[in-house]
Amino acid sequence: MTKHLLSVDDLAGRDGIQRILDLSGSFLEVTQRDMPKVPALRAKTIVSLFYEDSTRTRLSFETAAKRLSADTMTFSVGTSSVKKGESLLDTVQTIEAMGIDAIVVRHGASGAPHQVAQWSNASVINAGDGRHEHPTQALLDAFTLRRHRGPSLDGLNMVIVGDIRNSRVARSDIKIFAALGVNLTLVGPPTLMPSSLEGWPVTMTSDLDSALNETDVVYLLRIQQERIGDALFPSLREYTSRWGLTADRANRLKPDALVMHPGPMNRGIEIADEVADSPRSLVTEQVANGVAVRMAVLYDLLGTGGPVV
Amino acid sequence: MTCLAPEALLSNEIVIVGGTIIDSTTTGTRADVLVRNGLVVEVSPSIAVPSGAQVLDAEGCVVSPGLVDIQVHFREPGREESETIETGSRAAALGGCTAVICMPNTDPPLDDATVVQAVIARGRSVGLVDLHPSGCITIGRKGEQLAPMGELYDLGVRIFTDDGDCVADARVMRRAFEYASALRGAVIAQHAEDPALVHGGHMHEGEWSSRLGIPGRPAAAEITIVARDLELARLTGGRYHVLHLSTAGAADLVRAAKQQGLRVTAECTPQHITLTDAACANYESTFKMNPPLRGEPDRAGVFAALVDGTIDAIATDHAPHAPETKAVPFEQAPPGMLGVETSLAVAMTQLVVPGHLTLQQLLARMSWQPATIAGLGSQQGRPVAVGEPANLCVIDPTTQWERHANESASKSRNDPWEGEKLTGRVRHTVLRGAATVINGVAQR
């Protein structure tokens with residue numbers, strides 16, 4: 001990997017992705033030990049800089065850092081000088097002055113981690129930026145799917161359903177799964193599709209039912225209620241009837257088809273309650289694998305190259 | 001003038017020696033030019049230098065009327081940390097300008113006679129370029145109640161615009177056209193982007209906005225407003241000018257409207273004919289502007305419209321922003337980039353060097369045509385001929401140089417041409433008979 005993980009592009013293609021996924025497998029084994037902690041990043045300091053609320057991603061990164069014996073600091077915007085008007089640049093320079101090794105950034109503006117990387121000597125990890133990317137989510141999604149259908153994902157058919165236009169998870173997942181040989185179909189109301197698919201290795205349809213016939217994996221995105229006010233679709237009820245993974249639709253899937261969701265789920269809207277809890281669903285496993293994948297990323301960026309344990 | 005003038009400005013005689021004149025009447029006449037008391041008094045192949053006269057070397061250079069940039073933001077009053085009338089005027093003079101039109105989005109805005117008077121007075125006291133304010137169409141640029149257009153007109157304002165805020169309400173726009181038709185020579189200029197369609201957008205909607213995850217501003221937002229405004233101009237007989245036109249679709253509409261005899265003109269910026277939305281790929285906020293840098297088909301369409309004469313003028317939309325306001329995530333940065341100092345060189349590099357336009361055709365688009373649009377045709381963009389006002393620019397057309405923003409006279413550094421290799425450069429600028437720039441150095 002390069003010095004930073006700002007985008008799935010930084011993983012350097014299929015080989016780089018597979019290397020991190022393999023490493024994640026080793027760390028998954030570590031997390032399942034009685035004492036799930038290794039000294040790999042002792043004396044390294046990792047700061048989480050979160051400009052958006054995110055309990056699960058922040059906790060996942062901090063747990064990963066602690067299990068690697070790194071020191072962690074949290075800079076959460078609600079309780080900091082940002083409230084007093086400090087700019088992102090000044091905040092980064094302040095953190096930088098304390099001597100740290102990595103900054104994990106979550107920001108509401110696309111590209112903010114790219115700027116942090118320009119301003120800082122530390123490694124920068126994108127923990128979700130605006131509508132752009134969420135590369136560690138994509139890694140944990142690929143890792144999770146590979147444990148069920150791997151090691152090769154070549155030729156699998158995946159349908160991604162929902163608000164693609166505004167989704168950083170979708171942008172990262174499309175890159176990672178395309179690199180791993182998965183055939184991708186984007187489904188949702190045309191108002192929630194990207195305005196241009198130029199250069200995207202995907203096909204697009206608004207007809208979920210036909211897209212589900214041949215699919216091996218359904219990846220559902222969280223639908224946000226406030227999009228209704230922006231005239232993007234008429235109602236949650238209509239959304240569910242056309243693009244929700246209802247129990248009926250799930251019953252028509254191939255017997256071994258799997259269901260994924262980045263969370264938090266809107267049960268009863270994009271995913272039916274019984275589908276979320278069915279054996280097809282990998283949702284809780286996705287969360288569980290997040291720590292191992294983030295350990296792999298931190299280790300790869302900050303480690304000295306020694307053995308994992 | 002209150003400040004101490006160096007000798008250059010005290011001398012009332014200047015001889016421009018060795019140059020070739022290009023203006024609206026000649027594509028190239030080898031001649032020296034004698035300037036006295038603000039006027040051109042002699043043009044002939046060889047002029048004996050009177051004692052005490054200042055000599056400006058124009059060997060290998062073109063002597064042309066000064067450039068006229070009809071869209072600049074000098075930020076005064078209100079945003080003096082980004083630019084002032086003094087620093088902006090100096091940058092304009094270095095860019096070869098002898099006249100500029102300042103946009104009215106100051107704080108307070110130019111919707112009131114006292115503010116307009118103050119800007120005019122400040123421009124005069126700086127004295128590095130003839131500075132003419134444009135005026136707001138509506139109070140506070142809110143698009144509701146008409147600004148005192150008549151009062152502003154009486155102070156010399158000819159271009160009326162709400163600038164970055166498009167007049168979205170068709171009824172208000174119609175009234176503005178109708179009311180301004182009582183003011184001879186006044187023009188209604190529009191930043192044509194429908195606010196409803198660009199709402200929340202930060203760059204051109206297309207391939208790159210989708211890839212970068214940045215909400216887009218569709219080309220249709222410009223095209224629909226231009227289409228509507230042209231119909232309103234037809235309805236009212238109004239005089240319409242499209243600011244920084246950026247789409248092939250709007251260029252087509254303007255071309256057709258001109259053929260139908262509507263009273264319409266248009267300008268484009270050097271950046272919209274040179275750069276595309278791909279420049280935003282690294283989230284560099286320097287390349288954020290409104291209207292946004294477009295995709296290649298629009299860039300090519302605007303370029304073609306400038307070449308074929310549909311677009312009448314190049315204006316820069318020189319928009320300085322203090323470094324700290326641009327050192328933020330792309331979506332949070334204000335739109336705009338510098339331009340007044342580099343526009344001629346960028347345009348020569350893009351248009352004249354590859355042979356799309358002759359230098360005379362380019363100067364038409366940067367001097368006498370914009371002067372006419374802005375109602376300055378009696379003072380600016382005049383032929384270099386005896387009896388004419390000595391607002392002149394001496395251009396070295398072959399010199400090659402590399403742009404570095406840290407050398408800029410502007411207070412800001414949001415320069416899209418940083419590191420760019422350019423051909424052609426302004427050597428001297430003469431404003432009403434006095435040299436404001438000699439050998440690329442501002443005289444004040």
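**Exercise 1.** In this predicted model, how many salt bridges cross the interface of domain 1 and domain 2 of chain B?

*Solution.* Start with the cut-off: a side-chain nitrogen of Lys or Arg has to sit within 4 Å of a carboxyl oxygen of Asp or Glu. Run that rule across the interface of the two chain B domains and you get two salt bridges. Next, try the rule on Asp130(B) and Arg432(B): their closest N and O atoms are 2.8 Å apart, so the pair counts as a salt bridge. Now place the partners: domain 1 of chain B covers 7-63 + 386-442, while domain 2 spans 66-373. Finally, look beyond the salt bridges: 18 residue pairs are in polar contact across this interface, with both residues at pLDDT 80 or more.

**Exercise 2.** Which element gives the largest share of the domain 1 side that touches domain 2 in chain B?

*Solution.* First list the candidates giving two or more residues; among them are β18 (392-402), β19 (421-431) and β20 (434-438) of chain B. Then pick the top contributor: β19(B), with eight residues. By class, that domain 1 side holds 17 nonpolar, 14 polar and eight charged residues.

**Exercise 3.** How much area do domain 1 and domain 2 of chain B bury between them, and which residues of domain 1 lose the most?

*Solution.* Take the total: about 3300 Å², with 67% of it on carbon and sulfur atoms. Then go to the domain 1 side of chain B, where Lys411(B), Asn414(B) and Trp417(B) lose the most area to domain 2, together 22% of what that side buries. To finish, the C-alpha centres of these two chain B domains lie 26 Å apart, and the contact takes 39 residues from domain 1 and 47 from domain 2.

Notes:
Residues are numbered from 1 along each chain as its sequence is written. Chains are lettered from A and ligands numbered from 1 in the order in which they are written. This is a predicted model: local features need pLDDT of at least 70, side-chain atom pairs count only at pLDDT 80 or more; totals for chains, interfaces and linings use all residues. Side-chain values use heavy atoms; hydrogens and water are left out. Domain bounds come from an automatic or database domain assignment. Contact means heavy atoms within 4.5 Å. Buried area is the accessible area (1.4 Å probe) that two parts lose on being put together, summed over both. A polar contact is a pair of N or O atoms within 3.5 Å; within protein, one must be able to donate a hydrogen and the other to accept it, and residues adjacent in sequence count only if both atoms are side-chain atoms. Helices (H or I, at least four residues) and strands (E, at least two) are DSSP runs, numbered from the N terminus. Ala, Val, Leu, Ile, Met, Phe, Trp, Tyr, Cys and Pro count as nonpolar, Asp, Glu, Lys and Arg as charged, and the others, Gly among them, as polar.
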